[in-house]
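Dear colleague,

Please find the structure we discussed below. My notes on it come straight after.

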Amino acid sequence: MTFKESIIRVFSKYATFSGRAGRNEYWYFFFFNLCVNLVFTVLERYFIPSIEYLASIYSIAVFIPILAVSVRRLHDIGKSGWYFLLNFIPIIGQVYLIIKMFQPGEPGENQYGENPNEDSSIWRK
């Protein structure tokens, strides 16, 4: 799955918490949001201070897709979406989730659905 396909897929499944999301889908969307937030930060700090309102609107708009793709990624590794709440345990919970998000998904079908296509060479085992 390409970068563009991943972003489109996440936004097309805006609030879909069922199913599975592969590593490409999750991490490409993560880096896309990181870049967008970096651009907003630079623009706000050095060029357009009033852009903070647009940045806030963007953050609100992507909150649900970030949550949904995170839950689907946890489903891919065979974990319940409730594991996302580990983010509220400082450091330990967050590090645990980051490690889990890098793990390959369960092969074949699991209780959350079919295995998403993971044909990208950068994520092969």
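Here is what was found, from the overall fold down to one surface patch.

Please keep in mind that this is a predicted model. The protein has 4 helices and 0 strands, so its pattern along the sequence reads α-α-α-α. Taken along the principal axes, its C-alpha atoms fill a box of roughly 50 × 35 × 25 Å. Of the 125 residues, 34% are buried. Where contacts link residues at least 6 apart in sequence, 68% of them join residues at least 24 apart. The exposed area comes to about 7,900 Å², with carbon and sulfur atoms supplying 68% of it.

Helix 2 (23–47) is worth a look on its own. With 25 residues at 1.5 Å each, helix 2 should span 36 Å, and the 35 Å between its end C-alpha atoms agrees with that. Its buried residues are R23, N24, E25, Y26, W27, Y28, F29, N33, V36 and F40. The cover over them includes helix 1 (3–12), helix 3 and helix 4 (92–102).

On the surface, L38, V42, Y46, F47 and I48 make a nonpolar patch of about 540 Å². I48 sits in the loop between helix 2 (23–47) and helix 3 (52–76). Is I48 buried or exposed? I48 has a relative accessible area of 39%, and because that value lies between the 20% limit for buried and the 50% limit for exposed, I48 counts as partly exposed.

Regards

Notes
Residues numbered from 1 in each chain as written. Predicted model: local features only at pLDDT ≥ 70, side-chain atom pairs only at ≥ 80, totals over all residues. Heavy atoms only, no water. Patch = residues over 30% accessible without salt bridge, like charges linked within 9 Å, V, L, I, M, F, W, Y side chains within 5 Å. Areas by Shrake-Rupley, 256 points an atom, 1.4 Å probe, with all protein chains shown as cover. Salt bridge = Lys/Arg side-chain N within 4 Å of Asp/Glu carboxyl O. Helix = DSSP H or I, 4+ residues; strand = E, 2+ residues; numbered from the N terminus. Buried < 20%, exposed > 50% of the residue type's maximum accessible area, 1.4 Å probe, protein only. Expected span 1.5 Å × (residues − 1). Contact = heavy atoms within 4.5 Å.
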